[in-house]
Protein chains: 2
Amino acid sequence: MVALLVLALVPMCATATESVSSPNGEVVVNVDVTGGVATYQVNFRGKAVVAPSRLGLQLLTENSRGDFNDLNARSTTNNLSLYDGFEMGAVTRSTFDETWQPVWGEEKEIRNHYNELAVTLNQTALDRNIVVRFRVYDDGLGFSYEFPQQKGLNYFVIKEELSEFAMTGDHTAWWIAGDYDTEEYEYTRSRLSEISRLFDGTISSNASQEQFSKSGVQTALQMRTDDGIYLNLHEAALVDYPCMSLNLDEATLTFRTWLTPDAQGNKGYMQTPCHSPWRTIMITDDARKVLASRLILNLNEPCKIEDTSWIKPVKYMGVWWEMIAGAGSWAYTDDLYSVKLGETDYKHVVPSGKHCANNDNVRHYIDFAAEHGFDQVLVEGWNEGWEDWFGNSKDYVFDFVTPYPDFDIAALNAYAHSKGIKLMMHHETSSSVRNYERHLEAAYQLMERYGYNSVKSGYVGNIIPRGEHHYGQWMNNHYLYCIKEAAKHHIMVNAHEAVRPTGLCRTWPNLIGNEAARGTEYEATNGSKPFHTTILPFTRLQGGPMDYTPGIFEMDMWKNNPSNPNHVNSTLARQLALYVTMYSPLQMAADEIENYEPHMDAFQFIKDVAVDWDDSRYLEAEPGRYIVVARKAKGTNNWFVGCTASEHGHTSTIKLNFLDPGKKYVATVYADAKGAHYKDNPQAYVISKREVNSKSSLKLTAAPGGGYAISIFENTPARHR
Amino acid sequence: MVALLVLALVPMCATATESVSSPNGEVVVNVDVTGGVATYQVNFRGKAVVAPSRLGLQLLTENSRGDFNDLNARSTTNNLSLYDGFEMGAVTRSTFDETWQPVWGEEKEIRNHYNELAVTLNQTALDRNIVVRFRVYDDGLGFSYEFPQQKGLNYFVIKEELSEFAMTGDHTAWWIAGDYDTEEYEYTRSRLSEISRLFDGTISSNASQEQFSKSGVQTALQMRTDDGIYLNLHEAALVDYPCMSLNLDEATLTFRTWLTPDAQGNKGYMQTPCHSPWRTIMITDDARKVLASRLILNLNEPCKIEDTSWIKPVKYMGVWWEMIAGAGSWAYTDDLYSVKLGETDYKHVVPSGKHCANNDNVRHYIDFAAEHGFDQVLVEGWNEGWEDWFGNSKDYVFDFVTPYPDFDIAALNAYAHSKGIKLMMHHETSSSVRNYERHLEAAYQLMERYGYNSVKSGYVGNIIPRGEHHYGQWMNNHYLYCIKEAAKHHIMVNAHEAVRPTGLCRTWPNLIGNEAARGTEYEATNGSKPFHTTILPFTRLQGGPMDYTPGIFEMDMWKNNPSNPNHVNSTLARQLALYVTMYSPLQMAADEIENYEPHMDAFQFIKDVAVDWDDSRYLEAEPGRYIVVARKAKGTNNWFVGCTASEHGHTSTIKLNFLDPGKKYVATVYADAKGAHYKDNPQAYVISKREVNSKSSLKLTAAPGGGYAISIFENTPARHR
């Protein structure tokens, strides 16, 4: 690590400007204070990519030290501006260069190299100050507000953060609608100026949703300028603060932060010393660099878990897809008007016969998973309460410890363990969050008792406490609380419907997955656009891995459930590719066993593919069109390549120059067959094997909505396959 | 127990009427369904005391079985009425007569004797029904809505309960303003028709408060008709439902229920089978019978704690009044802008020197309490976080386990135990309720570890989750959760600022106290009206005991703290009487030791007085004027008498005919001296001793704002005093 500190006291004057550039000098941030207003502006290779953009926050209330009036009763206004009256104060500069090793990840080492500029903004009239800290990387920047502890700024409530991101043109964007409660929308590609016109058409129904503006979008927001610059706006290290969306002023093409409110419409409750999350602007001239960027992770704090030996990537199957398909059910019975936990006696109700989490079915999955080298089997619907879990604003909805009569938790775990498999716990909270926290310790203790080490949690429906939102400070605090409590029990967490990740998995690597976007489950109901998986790595995955649940082999859902008319918008080969293109240390083979059995040759790729990596190379990428990535499996010399393509398909010529020179490898290519098409011929694939080396190149074609997957094993004599 | 069941199926017709009368026939309830509308009406001795009053509820949403749309998204309206379209269905009658033994109480046995009428109200068009159950006692009645589990009524959200209480005249009422967050108002005596005119003048500032209507009042509401009938409206068994206030329609003199809303303005979230609390109407011809009534307790469920041997009444002192007086502080230091628990290092801050919960001071209280036969010593301000606990909407405000550096929790408990004293725990939550629940188990475990068996909890300030109210369903659920969790640890709870009690102490007798009204602490700040303690037993105490903290001997607060100009509006003799007139199994001697030492002759009464009783006799009572009560100490033949009087004073001639005939007793009378006055001569008292028997009568005079206390010990040879 190299650190250089320069402290300069700038004299108070009407205008003051400071600049900081990236290590390679290509990204330059200019910070200006004029007439009491602070702005920043960003150049890339000498050209503006962010026009002058305002900095600051508007407060709702503010309590200085010793002022013990109730916050909500305060009505003074003069001290509620943290957006004007500024003079530039102390300026601090430093350089940081460190290489760190993630517990799991896309590569074994990550370089964190930036130049930093911290500008103190004094509100002299109020005898208080804040600091804006910029960290400038070769691939972008982050800035964060810091609120030092001081007499004049102690407790305050944020009415709105006013950070601006002024775009310099009507860029192309891949966006989903801003919402306080769901990220499960389809992506739309449009010009910025088209967002509000298209907005309503992008909204699909969700169990919990609330939009705030027809020009509101979520982060990570991926854009491309007409001259080929890729801009990405997001946030990093979202802790004890509301999640940020962006609201576009179409007249000026300026985004402004829009924080998620609480039940009273307020945003953040702050106590100094504290700081905002990092607001990030990624700037590259190549889409592949967006995918290779570790900006978000780097802006998060280092790992806070001392012993991480218990944190392990997981490849799993699950008792799940048959319920998503509608053929089976989470609930045990159809016989109840409703359930009262502890009162409803399931032993005396009539089973529906559709309950999937039964002993026989779970054993069936354990057997198959064990035979094919999986780590875990997820079982949803194992616990009492599913009959009325959703849509009833029910407080005591689950206790997280009581299995249905046909799920023998002790016997099934013992059986799984005897075969080298762990069961994966499932905690659907139904967003009844107080109830979950009340039962959390007992639930985690149960997991320890039976040998679970990972939990998929869920937050379907409106939040209880009612009026709170999935992405507000209250819930963000909750999600992190669960992660920390889980860590005490050596439990890994995969939280669904939680806030979109912002790189916290660096600090808390037991957060091994999130949903926070439209996952594969939508393919079983409304479907997703064929280009969906060509966008997610630019957007949703920037913050951390997604439990996307790929591996669907049967695209016609009516074959799983005659009353389900839906179709999965992907070829089978692309489903294999997703294990590589959708980076995650947690990967599911989501389809039903019976759908794998006719295609065990293709299934071999799922068996082979790694879930942790020493290296990753982004070979080709364009948002909304295609992604081709090669990854080197952890601790081996083997590589896996994946390509996902939009409805336009994609033809690649990829060079295998990432292979060790002079060594021989065997590549097995799982490709769309000729005539394959996501819509009407998705299962047409061909598997071919060839010897390759670092000088090889492969020309491969992905069908519309298709893709390909390649395993490349070092051809050592010991290897038999 | 005698139970008689009659089931009658009433044919559907436009008008149907059913009646039920009290065991003695004096109270008669008539239930009527006409034109789809259900009403009830109450007569006392043949005269209407409640005019025809509507029954029913208005729903916001309703989910029938299998309808899994989100509750909040529903907009159907036809099924949102539970207030019309009724036809009278099945009618059930029964009689109940049982005598039960409270774990602690005003008497050793309580008779629960009522006639019951349950009327099914069918909404035939919607294929659903509810039941209204009336229990009619000789001293009043309760009615409750029952919502049976059924296909047509499963989950629903209450927009408002529409129960009416139509008064038959412009009665005199003793009322406090309806509020979602505080009961700590002064009482006002007025005609019903004057309430809205006087309303604003009754509002004093509180750390959390929100009124809903200028004609809104709280329960228990005590009224007197012009022909001398005492009516009291309250509720019993408030569980999983919002607390009820009453809103008066002044034109018709009709009260209607007004439930406490949640953060979204909704009232109750219900799942069938369920029921409302009991709405109670006490009706007597004598104010003493109001105080002797056990209507509220009887309408609660029997004790749910199997082994109650660990629940014991408590007489205690506390490190408290010097802080209330403003002479000392809960906080350890004045040296911090704010506190971050786990980060702030108190060992390196400058102590203010005013921190009362220090080892020396606590030992001083332990010594005195032990010497004088007390059970416990409360210590407030023992734990980290008091520097910024209030008014900052601070989430992580206390951890409930970390003592300040000058409070040696292990040593002090050991010292106390060596002297036969227990320390009383203090859990101020600052209304940060999620934070409290997260730490609750560890906090209770700490108590067990050090030998605490009781906790005073507090909910000062606005509730977090923000937008929730102290008396909403969410918080009522929380209070009961704490009581149940505490019971698992054999911990008794005394919750301050919690919802007004409704007799739940019968079911959960480890709820040994509540505040829920303007307690003695107000005497140290704004004062309370001299008549205050002549009203509380008619109102606040109807629901359960109050931790009123009597025993103030020094009325001039500036003698405790030169900068405190306030005065306690009571004579010293009245302070003694409150141990008898304000029934509670938890009684504090609240003043500072130094204020007791000059008056140890009077202090003898506090030492002698019991905190649990075999019998109670209300000798004289008139709300707002005087209360005289005699109680027989548990397991003895000794009696204690107390009288509290308003600013008008009171002269009694009391007959001691409750004493055992033929036995001799020694009565020690602690009376206001001649010329005593709450305002300018409060410490003038005389103590006199005389021999008495069951034929004795005593003429005693209470000064303005005064009272008297009498101990009556059986004069056995063994007794030395």
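These are my notebook entries on the pairing of chain A and chain B in a predicted model.

**Confidence.** I began with the scores and found ipTM 0.94 and pTM 0.95 for the model, with a mean pLDDT of 95 in chain A, where 95% of the residues reach 70 or more. I marked two stretches of chain A for caution: residues 1-12, where pLDDT stays under 50, and residues 65-77, where pLDDT also stays under 50.

**Symmetry.** I then laid chain A on chain B, which took a turn of 180° and a shift of 0.0 Å along the axis and left an RMSD of 0.0 Å. I noted this as the relation of a two-fold axis, and the same surface serves both copies, since 100% of the contact residues of chain A recur in chain B.

**Interface.** I looked up the extent of the contact and found 50 residues of chain A touching 50 residues of chain B, with about 4,400 Å² buried between the two chains, 48% of it on carbon and sulfur atoms. On the side of chain A, I listed Tyr337(A), Arg466(A) and Trp474(A) as the residues that lose the most area to chain B, together 17% of what that side buries.

**Polar links.** Between the chains I recorded 25 residue pairs in polar contact and 2 salt bridges; I looked up the salt bridge in which the side chains of Glu437(A) and Arg438(B) meet at 2.7 Å, N to O. Strand E21 (269-271), helix H7 (433-450) and helix H8 (473-488) of chain A are the elements that each give two or more residues to the side touching chain B, and H8(A) gives the most, with 4 residues. By class, I noted 16 nonpolar, 17 polar and 17 charged residues on that side of chain A.

How values were computed
Residues numbered from 1 in each chain as written. Chains lettered and ligands numbered in written order. Predicted model: local features only at pLDDT ≥ 70, side-chain atom pairs only at ≥ 80, totals over all residues. Heavy atoms only, no water. pLDDT = per-residue confidence, 0-100. Contact = heavy atoms within 4.5 Å. Least-squares fit on C-alpha atoms with pLDDT ≥ 70 in both. Buried area = accessible area lost by both parts, 1.4 Å probe. Salt bridge = Lys/Arg side-chain N within 4 Å of Asp/Glu carboxyl O. Polar contact = N/O pair within 3.5 Å; in protein donor to acceptor, adjacent residues only side chain to side chain. Nonpolar A, V, L, I, M, F, W, Y, C, P; charged D, E, K, R; others polar.
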